[in-house]
Amino acid sequence: MSLAHDARVTVRPTAAVQRSRLRGWPEIDNPAAWAVAAILLIMPLIANGFFLIEIFATTLILGLMALSLMFLAGYGGMVSLMQLTIAGFSAYMVAVFGVSGNANISLGWPWWLAVPMALALATIFGTLGGALAVRTEGIYTIMITLAIGAAFYYFTNQNWAIFNGHTGINTVATPNFWGVNWRADIPFYYIVLAVAALCYFAVDYISRAPFGLALQGVRDNPRRMAALGFNVNAHRVAAYAFASFVAALAGVLQVWNYRQISPGSVSVGACIDILIIAVVGGITRPVGPFIGALIFVLLRTFALDFLVKLGLDGNRFRLLIGLGFLAIVFWSSDGVIGLWQSWRRRQRSGAGSSSGRRDRESGQRSSQGSRHG
Amino acid sequence: MSRFVERHPAWALIVVIAIAVALWLIFAVWPQGLEDAVGRKRVFLNALFNGITLGGLYFLVASGFTLIFGLMRNVNLAHGSLYLFGGYVGYAISAATGSWVLSFVVAFILTALVGVLLQVIVFRRMEGQDLRQTMVTIGLSIVFADLMLWACGGDFYQVQTPNWLIGPVELPLVTAVKSSGEPVYLRYPLVRLVIFAASVVIGVAMWLALNRTRIGMIIRAGVDDRDMLAATGVRIQLVFVVVFALGAGLAGVAGVVGGTFQSLSPGEDIRFLLASLVVVIVGGMGSIPGAALGALIIGLAEQLGSVYIPTYAIVVTFLIMVLVLAIRPQGLLARR
């Protein structure tokens, strides 16, 4: 244990030298990132309604939830399974405070009052859950957050006064102002894209801000950080608060997307799906969850047809997901991104370029991070 | 015990009063005022017994979970799948042969075999990487759940209770007194009592095996310090396999029990995984007595809650967990 820590300390000066470069805008010199951004912006010209909403907007929404998990797991070392629960709570709150088909439950507030209320309540909910989870460490976090998520699922199933039991709340109203129906395919896609981009850059910025660096220090060695005068638990709870806010945003978008919310959307299986998305994509970089979400959504949408075409039972979609997840966990500590990086490294082996070294370092850091849990 | 009384006299007094009240509630004939306020005594006693027997079932599931966690630091989130697998195996055997007892034996052996395979093929490769192991168990639980859905479908199954266990038995507990002065005794399903007795026997046997035998000593040493135990020359991998087999086998047995007095269907795996998570969080991870206490508390809370505050039964369970985490984050009976 202590050996590993000392090894990491000797690595640190190089990181400090590179710091000035790291401070700049993320990926600003990367042509691939510009290409992806451009394609995302002109997507409505390429894709029709089904692909735009069912594939890309859904990907971005799921990616946002997984992003909040990635922030906690990658930078804070806390694998929280309740991120979907927070999103679901926020979605329920939008439905309860806003306008919906269940007039006996919904309070009928306008969306610009209901949404901030939902965001605030969901953030408080997630922060309280986080404050509970940080009382224990590492692997216990998974158990406690899973228990919270499952308790919320069973509660929504049983409670009829607020959550309307297992039928949930239907026909939730979506915003409609300035003469634009914001739930129409193209405006909604741009809303989702804007929120996703904001959250992506916010996570990227925080990871390099003093708070994010302290959080990564807490992840790697909480005792040393405590000795340096950092309040370890306060950093962790603050990380939960931020991640809860991101998840709450995703929840608002999700309820606008489907126009309904029911216990099925906050089930334990769905909570675990978010973990799968984040892990498959890779939990060391903010872009990972979005890649994972794209893979997941594509599989979920097309696996049935694909399996039937191969002459197999189309209902075995979850088996495919599970096996794919197992394969990723077995062979790559950093999801698809890790596989891609190791492939790139093999392509350039022996070149010894500075970016190659940086990749190797980050890969090493991630494997240590995941080992410490 | 006496040290606890000396240290916390106020708590000891509260515990004694609580036990006295509970005993009075169970044995005394309730006065009319109490029946008006709370409900019939028969309802209360039934909920109490259901809670205790459910606690026995939870103990069977959670003890394997906590044993595996305590020794190998492996949070086996596929434990619920092992439970459901054992249940399906038990159903198949009892439907094919008609023997209830045989279904337990076969379910234990088969789930223990699955456990051995998991430990040898999967978990041995990633020893010491807690998070990765947990991820793998999540993946496995998804795969198992889908395979079982494939094989058994989405129907409900119930293991047939043997003839000699069907029917209620009269317990020497008075529920009410008729106007003629004749007491009415509580009637309770025999099979539930037998299953509860069996889980107590299994619990005591596990306690004895852990505290009075050589292999138990090795396991306890492994729970305390795995590396030091390996350094003294114990073949630790063999111990891991044995413990994993035992823990998985217990989950399988619990599956048959659950299939007998509840039912088996997809989704039960997650329900029992959650139950064992909450039980070990409340009782203390890695502690067998903790699992017993936690199972009793959660079982009682669930059943009494579902009778007296039906909408919020699950919240009571959850509040207990929150309370324990707030007061004793390591669990009620954990040493660390």
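Biologist: Let's start with the overall build. How many helices and strands are there in chain A?

Modeller: Chain A has 17 helices and 2 strands. Keep in mind that this is a predicted model. Of the 373 residues in chain A, 43% are buried.

Biologist: And which share of the contacts in chain A joins residues at least 24 apart?

Modeller: Take the contacts in chain A between residues at least 6 apart in sequence: 75% of them join residues at least 24 apart.

Biologist: Since the model is predicted, I would like to learn about confidence. What is the mean pLDDT of chain A, and what is it for chain B?

Modeller: pLDDT is the predictor's confidence in each residue, from 0 to 100. The mean for chain A is 77, and 84% of its residues reach 70 or more. Along residues 1–23 of chain A the value is below 50, and this stretch has 6 contacts in the model beyond near neighbours in sequence. Residues 353–373 of chain A also stay under 50, with 29 contacts beyond four places in sequence. For chain B the mean is 83, and 98% of the residues reach 70 or more. The scores for the model are ipTM 0.74 and pTM 0.80.

Biologist: Now the place where the chains meet. How many residues does each chain bring to the contact?

Modeller: Chain B brings 30 residues and chain A brings 33. On the side of chain B that touches chain A, the elements giving two or more residues are α7 (130–152), α12 (268–283) and α14 (313–327) of chain B. The largest share of that side, 14 residues, comes from α7(B). Sorted by class, the side of chain B that touches chain A has 22 nonpolar, 4 polar and 4 charged residues.

Biologist: I can see helices lying against each other. What describes two packed helices?

Modeller: Two numbers do the job: the angle between the axes and the distance between the axes. Try α13 (residues 268–281) and α15 (residues 317–331) of chain A, which pack at about 45° with their axes 10 Å apart. Angles under 35 degrees count as roughly parallel and 65 to 115 as roughly perpendicular, so α13(A) and α15(A) are oblique to each other. The crossing of α13(A) past α15(A) is left-handed.

Biologist: Which residues make that contact between α13(A) and α15(A)?

Modeller: From α13(A) come A:Ile276, A:Val279 and A:Val280, and from α15(A) come A:Ile321, A:Phe325, A:Ile328 and A:Val329. By class, this contact of α13(A) with α15(A) has 7 nonpolar residues, no polar and no charged ones.

Biologist: Could we go through a pair in chain B? At what angle do α4 and α8 of chain B pack?

Modeller: Helix α4 (residues 41–72) and helix α8 (residues 190–212) of chain B pack at about 40°, and their axes are 9 Å apart. They are therefore oblique to each other, and α4(B) passes α8(B) in a left-handed crossing. Among the residues in contact are B:Gly56 and B:Phe59 of α4(B), together with B:Phe196 and B:Gly203 of α8(B). The class count for the contact of α4(B) with α8(B) is 9 nonpolar, 5 polar and 1 charged.

Biologist: And which handedness does the crossing of α5(B) and α12(B) have, left or right?

Modeller: That crossing is right-handed. Helix α5 (residues 79–97) of chain B meets α12(B) at an angle of about 125°, with the axes 7 Å apart. This pair is therefore oblique as well. Residues including B:His79 and B:Tyr83 in α5(B) meet residues including B:Glu268 and B:Phe272 in α12(B). The contact of α5(B) with α12(B) divides into 5 nonpolar, 4 polar and 2 charged residues.

Biologist: Let's finish with single residues. Why is A:Tyr205 called partly exposed?

Modeller: We count neighbours: a residue is buried with 20 or more other C-beta atoms within 10 Å, and exposed with 12 or fewer. A:Tyr205 has 13, so it is partly exposed. You will find A:Tyr205 in helix α9 (residues 185–208) of chain A.

Biologist: Where is A:Arg259 found, and what is its phi?

Modeller: A:Arg259 sits in the loop between α12 (232–258) and α13 of chain A. Its phi is near 65°, a positive value in a residue other than glycine. With 16 other C-beta atoms within 10 Å, A:Arg259 is partly exposed.

Note on methods: Residues are numbered from 1 along each chain as its sequence is written. Chains are lettered from A and ligands numbered from 1 in the order in which they are written. This is a predicted model: local features need pLDDT of at least 70, side-chain atom pairs count only at pLDDT 80 or more; totals for chains, interfaces and linings use all residues. Two residues are in contact if their C-beta atoms, placed from the backbone, lie within 7 Å. Helices (H or I, at least four residues) and strands (E, at least two) are DSSP runs, numbered from the N terminus. Ala, Val, Leu, Ile, Met, Phe, Trp, Tyr, Cys and Pro count as nonpolar, Asp, Glu, Lys and Arg as charged, and the others, Gly among them, as polar. Axes are lines fitted to C-alpha atoms, for helices over the stretch in contact, and angles run from 0 to 180 degrees between N-to-C directions. Angles under 35 degrees count as roughly parallel, over 145 as roughly antiparallel, 65 to 115 as roughly perpendicular and the rest as oblique. A crossing is left-handed if the near helix is turned anticlockwise from the far one by less than a right angle, and right-handed if clockwise.
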